[in-house]
Amino acid sequence: MDVAASRRILALDGMGIIVTAVGFGVVYGLTAREAGLSVVETMAMSVFVFAGAAQFAAVGYLVQGLGWPAIVLLTAFLNARHLLYSAALLPWFRGVSRPRRAALAYVLTDEAFALSIAHFRRIGRLDPAGYGYAGVVVTFIPWNLSTIAGFLLGGAIADPAQLGIDVIFPAAMAGLALGLATGRREVVAATAGAGIAVVASLAWDPAGGILVGGVVGPAIAMLLPVREARPPSPAPPEAGRPTEATDQDPGPDPEIGVAP
Amino acid sequence: MSADLILLALLMGAATYPSRAIPLVAPGVERLPPPVLEYLRLVGPAVLAALAATSTMIVVDADRQVTFHVGIEWAAVLVALVVVRWRRNLFLGLAAAVALTIAARGLGLA
């Protein structure tokens, strides 16, 4: 698929993610205010941590009186899944300087990963502008603006649960996973990852469960033999391979987000 | 206005950033063998599905007790998946999920 067409899909999918970021940002701002954080402290979390689940958890820990070392440790654990995102993006970032990678890593979130990896696979190469759009325009800016809005609006906001905000995130992640499930192995990886994550969450902890599902699911999928008849969905470019957009077949259903 | 927790936010950010950056910037990982590349290609769908499943099926209460949850969220995610598959449009899928949830909760069904 050409870059322009894929960027249109990215933009459209990004609208859904902006809704997610805004919904959760508003609720986070409201929650932080009710927990007694100042607007500066609330914003510092959104700017420096920039990880919704960890920020919600930290507010809860503070209310419970947990010490800072424990909060920092739990934050690291809760966000350990980013190791998987970063590792999965690595093959696409070959050829990009390390300082630039280090800067781009700052905006790596669930949403930025989901949008950008799908975009890279559609076009068969890295698109820094697309990654920037997913990480900054779609996630960082809406998250921070909505954090302020949530804090300032405070009690004027209706019950978020009645607005269905809590289903946006899982629905978005499921929809984006569906877009990546372009072959047998991907479907098995997703199914196994989800099942293992739920079981591990119940047995251990949700953050650990996500990590275990994300690690073990692909390992199970790797046990499946590769089909010879149909090429797999685009793999990251090999080192040294030209990074021009290609016409490579992106698989059976790569166009999640295409307007009807 | 209190600013005491800004330092905590910085520390939390410092604890988060390495997991975002280390695999991308660590030396010696430029040339990965094909099986590793294939594995990494599968991490995306697996971890996103894991996130979706745990967000839908797992609830952590105020006492940090983890329980299995069955509710309208299941139907909402399913509807989103059907719409995304059918219309190939994530935004429409999310809108359908939210609409179903609002309707169910408004009618007292969830």
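This tour moves through a predicted model of two chains, A and B, one selection at a time.

**Chain A as a whole**

Begin by selecting chain A and colouring it by secondary structure. Eleven helices and zero strands should appear, and the pattern along the sequence is accordingly α-α-α-α-α-α-α-α-α-α-α. Chain A has 260 residues, of which 55% are buried. Among its contacts with a separation of 6 or more, 76% join residues 24 or more positions apart.

**Chain B as a whole**

Now select chain B, which holds four helices and two strands. Starting from the N terminus, the order of its elements is α-α-β-β-α-α. With a radius of gyration of 20 Å, well over the 13 Å that the globule rule gives for 110 residues, chain B is more spread out than a compact globule. The C-alpha trace of chain B spans about 55 × 50 × 30 Å along its principal axes. Buried residues make up 48% of the 110 residues of chain B. Pairs 24 or more positions apart supply 25% of the contacts in chain B with a separation of 6 or more.

**The contact between the chains**

Display both chains and select the residues where they touch. Chain A contributes 91 residues to this contact and chain B contributes 69 residues. On the side of chain A, helix α9 (residues 168–180) gives the largest share, twelve residues. That side of chain A is made of 63 nonpolar, 17 polar and eleven charged residues.

**Helix α4 of chain B**

Select residues 90–106 of chain B, which form helix α4. At 1.5 Å a residue, these 17 residues should span 24 Å, and the end C-alpha atoms are indeed 24 Å apart. Among the buried residues of this helix are B:L90, B:F91, B:L92, B:G93 and B:L94; further along, B:A96, B:A97, B:V98, B:L100 and B:T101 are buried as well. The cover over the buried residues of α4(B) includes α1 (3–34) and α9 of chain A, together with α3 (72–87) of chain B. Just beyond the helix, select B:G108, where phi is positive at about 75°.

Next, add α1 of chain A to the view. The axes of α1(A) and α4(B) are 7 Å apart and the helices pack at an angle of about 30°. From α1(A), the contact uses A:L12, A:D13, A:M15, A:G16 and A:V19, and from α4(B) it uses B:L90, B:F91 and B:L94. These residues divide by class into six nonpolar, one polar and one charged.

**A second helix pair across the chains**

Move to helix α4 of chain A (residues 68–78) and helix α1 of chain B (residues 6–25). Their axes come within 8 Å and cross at roughly 35°, and the crossing is right-handed. Show side chains for A:W68, A:I71, A:V72, A:T75 and A:A76 on one helix, and for B:L8, B:L11, B:M12, B:A15 and B:T16 on the other, since these residues make the contact. By class, the residues of this contact are eight nonpolar, two polar and no charged.

**Helix α3 of chain A and the loop before it**

Select α3 (52–64) of chain A together with α2 (39–49), and look at the loop between them, where A:F50 lies. A:F50 is not a glycine, yet its phi is positive at about 50°. Most residues other than glycine have a negative phi. A:F50 counts as buried because it has 26 C-beta neighbours inside 10 Å.

Continue into α3(A) itself. Its 13 residues reach 19 Å from the first C-alpha to the last, close to the 18 Å expected at 1.5 Å a residue. Within α3(A), the buried residues are A:G52, A:A53, A:A54, A:Q55, A:A57, A:A58, A:V59 and A:Y61. They pack against α1, α2 and α4 of chain A, together with α1 of chain B. Just after α3(A), A:G65 takes a positive phi of about 85°.

**Last stop: A:L104**

Finally, select A:L104 in helix α6 (residues 98–105) of chain A. A:L104 counts as buried because 24 C-beta neighbours lie inside 10 Å. Then add A:A87 and draw a distance between the C-alpha atoms: A:A87 and A:L104 are 13 Å apart in space and 17 residues apart in sequence.

Notes: Residues are numbered from 1 along each chain as its sequence is written. Chains are lettered from A and ligands numbered from 1 in the order in which they are written. This is a predicted model: local features need pLDDT of at least 70, side-chain atom pairs count only at pLDDT 80 or more; totals for chains, interfaces and linings use all residues. Two residues are in contact if their C-beta atoms, placed from the backbone, lie within 7 Å. Ala, Val, Leu, Ile, Met, Phe, Trp, Tyr, Cys and Pro count as nonpolar, Asp, Glu, Lys and Arg as charged, and the others, Gly among them, as polar. The expected span of a helix is 1.5 Å times one less than its number of residues. A residue is buried if 20 or more other C-beta atoms lie within 10 Å of its own, exposed if 12 or fewer, and partly exposed in between; C-beta atoms are placed from the backbone. Axes are lines fitted to C-alpha atoms, for helices over the stretch in contact, and angles run from 0 to 180 degrees between N-to-C directions. A crossing is left-handed if the near helix is turned anticlockwise from the far one by less than a right angle, and right-handed if clockwise. The radius of gyration is taken over C-alpha atoms; the globule rule is 2.2 Å times the number of residues to the power 0.38.
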